[in-house]
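Please open the structure in your viewer and keep the selection panel at hand. The stops below are meant to be taken in order.

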Amino acid sequence: MADRKMNATPLVEIRNLKKYFEINEGFFKTKQLRAVDDVSFEIMTGETLGLVGESGCGKSTLGRTLLKLYEPTAGEILFEGKAVKGKKELEQFRKKATMVFQDPYSSLNPRMTVADIIAEPLTVQGYFTDEEQKKKRVRQLMDMVGLNTEHAARYAHEFSGGQRQRIGIARALAVNPEFIVCDEPVSALDVSIQAQVINQFDELKKTLGLTYLFISHDLLVVRHISDRIAVMYLGRLVEIGPADEIYDHPIHPYTRSLIKAVPIPDPDRAAADKEEGLKGDIPSPLDVPTGCVFRTRCPYAKDECAANMPELTDRGGGHLCACILK
Ligand SMILES: Nc1ncnc2c1ncn2[C@@H]1O[C@H](COP(=O)(O)OP(=O)(O)O)[C@@H](O)[C@H]1O
Ligand SMILES: [Mg+2]
């Protein structure tokens with residue numbers, strides 16, 4: 001399970017982060033798609049923050065914006081307490097913060113050898129001038145993620161999904177990062193190998209002292225690797241807290257419905273099981289409801305919920321929820 005060696009200063013912090021996309025709707029007409037809207041949280045050194053929510057709620061956009069792969073529409077990103085802005089800070093940040101992608105089939109070039117794929121970030125950032133040293137580092141990385149070093153000259157397409165994801169992890173680790181955004185890293189894999197790859201992430205975190213933002217639409221996947229879990233709905237953070245608290249004592253009606261959807265019976269979740277199912281479909285992110293973004297599907301919604309998006313308020317023990325009724 002996740003260990004809890006944490007420092008007092010957050011490694012990563014986002015403040016009021018927004019990412020809006022301009023969507024073309026015919027000639028000269030654009031509409032704003034609020035993929036990430038006013039999200040704030042911090043991740044402590046050595047911590048794994050799980051990020052969950054239905055497909056389309058903005059998880060990947062948040063991960064990419066946080067890494068500055070997308071320019072934020074508004075808000076601040078801090079790394080080790082310092083704002084990541086300006087060329088020099090960004091260069092430093094790029095060496096310390098990286099990403100593992102969802103789909104190991106499309107994110108790796110099938111025509112490159114495993115060694116070349118893993119070495120690419122080292123080559124791009126000019127880490128080694130000596131070829132032998134670089135090869136040695138590649139072998140070390142392969143070993144670290146449980147890949148047979150004798151397979152270094154093989155091509156990515158010769159590997160299974162689970163092995164490809166290990167290649168992706170080795171590649172992300174090449175530059176010795178401190179922080180990794182793992183964007184649904186096991187969602188494209190067979191259920192039978194998901195647990196192995198998740199355990200690999202957890203082990204690497206411990207041996208290398210990494211910090212993760214671990215994204216998944218599947219609450220069961222994040223539960224076991226996360227120290228804390230953040231729940232997103234339509235671009236907004238609706239609940240955040242210690243993983244067990246979120247799972248055993250969810251507060252927000254949306255979180256409760258997510259947990260109810262998990263198909264494994266669990267007596268600890270008796271309270272959540274009484275929850276009514278969600279009404280209707282998720283609204284288009286181009287037409288986000290006024291007030292609380294969840295109110296159109298909430299079984300408890302009242303008129304007052306249409307007024308404002310509720311702030312996250314502390315419910316004790318670092319468990320925060322954005323709901324005026326719960
Ligand atoms: N590059 C983009 N341009 C326009 N819209 C985008 C872009 N990327 C994501 N979106 C939209 O932003 C919303 C959030 O998407 P995404 O972050 O991929 O959600 P998730 O990862 O939770 O499934 C979706 O409505 C998606 O269609
Ligand atoms: Mg995604």
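What follows is a tour that moves from strands to a ligand, then to a core and two single residues.

Before selecting anything, note that this is a predicted model, in which local features need pLDDT of at least 70 and side-chain atom pairs count only at pLDDT 80 or more, while totals for chains, interfaces and linings use all residues. Residues are numbered from 1 along each chain as its sequence is written, and chains are lettered from A and ligands numbered from 1 in the order in which they are written.

**Stop one: strand β8**

Select residues 211–215, which make up strand β8; helices (H or I, at least four residues) and strands (E, at least two) are DSSP runs, numbered from the N terminus. Five of the five residues of β8 are buried, a word used here for a residue with 20 or more other C-beta atoms within 10 Å of its own, with exposed meaning 12 or fewer and partly exposed meaning in between, and with C-beta atoms placed from the backbone. Colour the two faces separately and you will find Thr211, Leu213 and Ile215 on one side, and Tyr212 and Phe214 on the other, all buried.

Now add strand β7 (residues 179–183), which runs parallel to β8 and is joined to it by five bridges; two strands count as paired if DSSP finds at least two bridges between them. Within this pairing, Ile180 stands opposite Tyr212 in β8. Bring in helix α6 (residues 191–208) as well, and β7, α6 and β8 together make a right-handed β-α-β unit, where right-handed means that, with the strands pointing away from the viewer, the path from the first strand over the helix to the second runs clockwise.

**Stop two: strand β3**

Next select residues 48–52, strand β3, which runs parallel to β8 and is joined to it by four bridges. Gly50 has Phe214 as its bridge partner in β8, and Leu51 stands opposite Ile215 in that strand. Five of the five residues of β3 are buried, so the strand is largely enclosed by the rest of the structure. Thr48, Gly50 and Val52 cover one face, and Leu49 and Leu51 the other. Strand β9 (residues 228–233) also pairs with β3 in the parallel sense, over four bridges, and there Val52 stands opposite Val231.

**Stop three: ligand 1 and helix α1**

What surrounds ligand 1? The shell consists of Phe21, Leu33, Ala35, Gly53, Ser55, Gly56, Cys57, Gly58, Lys59, Ser60, Thr61 and Pro285, counted as residues whose C-beta atom, placed from the backbone, lies within 6 Å of the molecule. The elements giving two or more residues to this shell are β2 and α1 (59–66), and α1 supplies the largest share, three residues.

Keep α1 selected: seven of its eight residues are buried, so the helix is largely enclosed by the rest of the structure. Among the buried residues are Lys59, Ser60 and Thr61. Just after α1 comes Lys68, whose phi is positive, near 65°.

**Stop four: the open sheet**

Turn to four strands that form an open sheet in the order β2-β1-β4-β5, with antiparallel pairing. Its edge strands are β2 (30–44) and β5 (82–83), each of which pairs on one side only. Between β1 (residues 10–24) and β4 (residues 74–79) there are five bridges, and Val12 stands opposite Phe79 in β4.

**Stop five: the largest nonpolar core**

Which residues have the most contacts inside the largest nonpolar core? They are Ile118, Ala170 and Val231, in a core of 87 residues; such a core is a set of buried Ala, Val, Leu, Ile, Met, Phe, Trp, Tyr and Cys residues joined through C-beta atoms within 7 Å. The element that gives the most to this core is β2, with six residues.

**Stop six: two single residues**

Select Leu312, which is found in the loop between α10 (270–273) and β11 (313–314). Leu312 has 19 other C-beta atoms within 10 Å and is therefore partly exposed. Its C-alpha atom is separated by 7.2 Å from that of Glu239, 73 residues apart along the chain.

Finish at Arg223, in helix α7 (residues 219–225). With 18 C-beta neighbours inside 10 Å, Arg223 counts as partly exposed. Between the C-alpha atoms of Arg223 and Val145, which are 78 residues apart in sequence, the distance is 22 Å.
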